[in-house]
Amino acid sequence: MNKLALFPGSFDPFTKGHLDTVERAAQMFEQVTVAIMTNTNKKSLFTKEEKLTLTQAALAHLSNVQVMASELDLTVNLARDLGATVLIRGIRNTTDYEYEKSIAHMNHDLAPEIETVFLLSPPALSQISSSLIKEIATFGGDVSAYLPTNIHQAVLSKYQQK
C-alpha cells in the first residue's frame, strides 16, 4: 500500500519542532509532502519562495520527503490533488490539540477518505512556535537552539535588515 502523507503549514519559520515531525512522519509513510501554505491570519517574515528554498534545504537529508508551495486552497483539496490519504499535524500541548481537533473534524466532514494523524512533540521541543521565535528574534534574543542552522542564519539576516 502506497501511503502519501501531507504535512501542511505556513512554516514561518520552519523550526526544529517541524523538522522532528517530518522526520518521524518520513519513518511512518512511504512519501511525505511538506506543503508551504498561506495563513491568511498571519503576516509572514519570509516570502513563499524563501520558505520553500529554506525548508527544502533543511529536509534535504530525507529521500522520501518533498517540499512544495501551494496556492490558496483548502488543505483537503490539495491532499486529493496529490493523492495523499493522510494529513500530518504536530501537537505541542492541549491548546494545539483542541485547535487541531476542530480542523481534523471539519476536514473529515469535507473529505472522509483523508485521515488526520497527530504526532505529539517530544518535551524538549514542545515550547517551540514560529510566532514565539519571531518575537524573541525581534528583540535580538538567541533562537539558534530552536531552528535548523540554515533557517537560523536566514532569520538573523532578516532581523539585521530591519
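Student: Where in the chain is the place of Phe 11?

Tutor: First, the ground rules: this is a predicted model, where local features need pLDDT of at least 70, side-chain atom pairs count only at pLDDT 80 or more, and totals for chains, interfaces and linings use all residues. Residues are numbered from 1 along each chain as its sequence is written, and side-chain values use heavy atoms, with hydrogens and water left out. Helices (H or I, at least four residues) and strands (E, at least two) are DSSP runs, numbered from the N terminus. On that numbering, the place of Phe 11 is in the loop between strand 1 and helix 1.

Student: Is Phe 11 buried or exposed?

Tutor: Buried means under 20% relative accessible area, exposed over 50%, and partly exposed in between (1.4 Å probe, protein chains only). Phe 11 has a relative accessible area of 4%, so it counts as buried.

Student: What is phi of Phe 11?

Tutor: Phe 11 is a residue other than glycine, yet its phi is positive. The value is near 45°.

Student: Which two residues does a cis peptide bond join?

Tutor: Stay in that loop between strand 1 and helix 1, where Pro 13 also lies. The bond has an omega of about 5°, and the residues it joins are Asp 12 and Pro 13.

Student: Which residue does Asp 12 meet in a salt bridge?

Tutor: A salt bridge is a side-chain nitrogen of Lys or Arg within 4 Å of a carboxyl oxygen of Asp or Glu. Here the N to O distance is 3.0 Å, and the partner of Asp 12 is Lys 134. The pair links distant parts of the chain, 122 residues apart, with Asp 12 in the loop after strand 1 (4-9) and before helix 1 (16-28), and its partner in helix 5 (residues 130-138). Both ends are buried, Asp 12 as well as Lys 134.

Student: How many salt bridges does a search of the whole structure find?

Tutor: Another one joins Arg 24 and Asp 20, whose closest N and O atoms are 2.9 Å apart. Both lie in helix 1, four residues apart, about one turn of the helix. The search of the whole structure brings the count to seven.

Student: Is Arg 24 buried or partly exposed?

Tutor: Its partner Asp 20 has 15% relative accessibility, so Asp 20 counts as buried. Arg 24 comes in at 26%, so it counts as partly exposed.

Student: Which residue does Arg 89 meet in a salt bridge?

Tutor: The side chains meet at 2.9 Å, N to O, and the partner is Glu 100. Arg 89 lies in strand 4 (residues 86-91) and its partner in helix 4 (residues 94-110), so the pair ties together parts that are 11 residues apart in sequence. Both residues are buried, Arg 89 and likewise Glu 100.

Student: How much space lies in the largest pocket?

Tutor: On a 1 Å grid over the protein atoms alone, a cavity is a set of points where a 1.4 Å probe fits but cannot get out, and a pocket is an open set with protein on both sides within 12 Å along at least five of seven lines; lining residues have an atom within 4 Å of a point. Grid points are joined across faces, edges and corners, and a volume is the space filled by probe spheres set on the points. Of the 41 residues lining the largest pocket, Gly 9, Asn 39, Arg 89, Tyr 99 and Glu 100 lie nearest its centre. The space in this pocket is about 1200 Å³.

Student: Which element supplies the largest share of the lining of the largest pocket?

Tutor: Strand 1, helix 1, helix 3 (75-82), strand 4, helix 4 and helix 5 each supply at least two residues of that lining. The largest share, nine residues, comes from helix 4.

Student: How many residues of the lining of the largest cavity are nonpolar?

Tutor: The largest cavity holds about 40 Å³ of space, and its lining includes Phe 11 and Pro 13 from the loop we began with, as well as Phe 46 and Lys 51. Ala, Val, Leu, Ile, Met, Phe, Trp, Tyr, Cys and Pro count as nonpolar, Asp, Glu, Lys and Arg as charged, and the others, Gly among them, as polar. One lining residue is polar and one charged, while the nonpolar ones number six.

Student: Is Leu 120 buried or exposed?

Tutor: Leu 120 has its place in strand 5 (residues 115-120). At 57% relative accessibility, Leu 120 counts as exposed.
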